[in-house]
Amino acid sequence: MTKTRRGPIRTAVPLIAAGALTALAVLVTGCGADADRDGDGRPESAGRAALAADAGTGATPDKARIAENVKSALEVRISTGEGRFGSGTHSPCASSSPKVFTEECGEAADYTREAARFALDEIDGRSGFATLGTTARKLDKAAATYRDLGCAKNPAAADARKACLDPAAVVAQGFSDLRDGANLGLAGK
């Protein structure tokens, strides 16, 4: 049996695909050098960028498009957070995790809180996002409580540890709950 030699094009296909995915990620997250910026120096969100484009043309964006833009922009943050910290029982903040009282859970709480605040910024003043708004506010409060209680510093007292478990559990489930809220936003709920 003769061996076939891989040609240069077949060898380059995975590299080209990886480059294309990287470029797509940069475009989706707005991380280009010329990305529009809000006053805080962060890249402008995909949802606000699309709305600004609509405003520039005089078109009135429909609720479905707004909901899809919000969901897409939020999904980038959710997926990144899940990839970095895990979600649900795989989160360092899961009640059963040995990392629930560590800085790793604290970092997950901070990131999750940022995603929740992003969602709140995106839906501010818009109708049809009741579930996402409620979920994001609950998550924001839980992440703040986790930090305020000093949960990431491995508290020794049993009552302090017990008080940390509820907000940590909300944080652990946060990415999934935000995704569900964004999906319900597509239905105007």
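Here is a friendly exchange about how the features of this predicted model get their labels.

Me: Before we start, what should I keep in mind about the values?
Reply: The model is predicted, so local features need pLDDT of at least 70 and side-chain atom pairs count only at pLDDT 80 or more, while totals for chains, interfaces and linings use all residues. Residues are numbered from 1 along each chain as its sequence is written, and side-chain values use heavy atoms, with hydrogens and water left out.

Me: What makes up the chain, helices or strands?
Reply: The chain has seven helices and zero strands, and from the N terminus the elements run α-α-α-α-α-α-α. Helices (H or I, at least four residues) and strands (E, at least two) are DSSP runs, numbered from the N terminus.

Me: How do you know that Cys93 and Cys105 form a disulfide?
Reply: A disulfide is a pair of cysteine sulfur atoms within 2.5 Å. The sulfur atoms of Cys93 and Cys105 are 2.0 Å apart, so this pair meets the cut-off.

Me: Why is the disulfide of Cys93 and Cys105 called right-handed or left-handed?
Reply: The torsion about its S-S bond is about 120 degrees, so the disulfide of Cys93 and Cys105 is right-handed. Cys93 lies in the loop between α3 (63-85) and α4 (103-123), and Cys105 in helix α4, so the pair ties together parts that are twelve residues apart in sequence.

Me: Which other cysteine does Cys151 join?
Reply: Cys151 is joined to Cys164, with an S to S distance of 2.0 Å. Here the torsion about the S-S bond is about -90 degrees, so this disulfide is left-handed. A search of the whole structure finds two disulfides, and with the bonded cysteines numbered in sequence order, the pairing is 1-2, 3-4.

Me: Why is Cys151 called buried or exposed?
Reply: Buried means under 20% relative accessible area, exposed over 50%, and partly exposed in between (1.4 Å probe, protein chains only). Cys151 has a relative accessible area of 0%, so it counts as buried. Cys164, with 1%, is buried as well, and so are Cys93 and Cys105. Across the chain, buried residues make up 34% of the 189 residues.

Me: What makes a group of residues a nonpolar core, and which touch the most other members?
Reply: A nonpolar core is a set of buried Ala, Val, Leu, Ile, Met, Phe, Trp, Tyr and Cys residues joined through side-chain atoms within 4.5 Å. In the largest one, with 35 residues, Leu74, Cys93, Phe129, Leu132, Tyr146 and Leu178 touch the most other members. Helices α3, α4, α5, α6 and α7 (174-186) each supply at least two residues of this core, and α4 gives the most, with nine.

Me: Which residues does Leu74 touch?
Reply: Not counting residues up to four places away in sequence, Leu74 touches Ala115, Phe118, Ala119, Leu132, Leu178 and Ala182. Contact means heavy atoms within 4.5 Å.

Me: How many aromatic pairs are there, and why is that of Phe85 and Tyr111 given its label?
Reply: The structure holds two aromatic pairs. Rings of Phe, Tyr and Trp (its six-membered ring) pair if their centres lie within 6.5 Å; planes under 30 degrees apart count as stacked, over 60 as edge-to-face and the rest as tilted. Phe85 and Tyr111 have ring centres 5.9 Å apart and planes at 50 degrees, so the pair is tilted. Phe85 lies in helix α3 and Tyr111 in helix α4, so the pair ties together parts that are 26 residues apart in sequence.

Me: What makes the pair of Tyr111 and Phe175 edge-to-face?
Reply: The centres are 6.1 Å apart and the planes are at 65 degrees, so both values fit that label. Tyr111 is in helix α4 and Phe175 in helix α7, so the pair ties together parts that are 64 residues apart in sequence. Phe85, Tyr111 and Phe175 form one aromatic cluster.

Me: How do you know that Arg77 lies over the face of Phe118?
Reply: A charge sits over a ring if NZ of Lys or CZ of Arg is within 6 Å of the ring centre and within 35 degrees of the ring normal. Arg77 lies over the face of Phe118, at 3.7 Å from the ring centre. The charged end of Arg161 also sits over a ring, that of Phe101, 3.9 Å from its centre.

Me: Why does Ser91 count as buried?
Reply: Ser91 has 4% relative accessibility, so it falls in the buried class. Ser91 lies in the loop between α3 and α4, and leaving aside neighbours within four places in sequence, Ser91 is in contact with Phe85, Gly86, Ser97 and Ala172.
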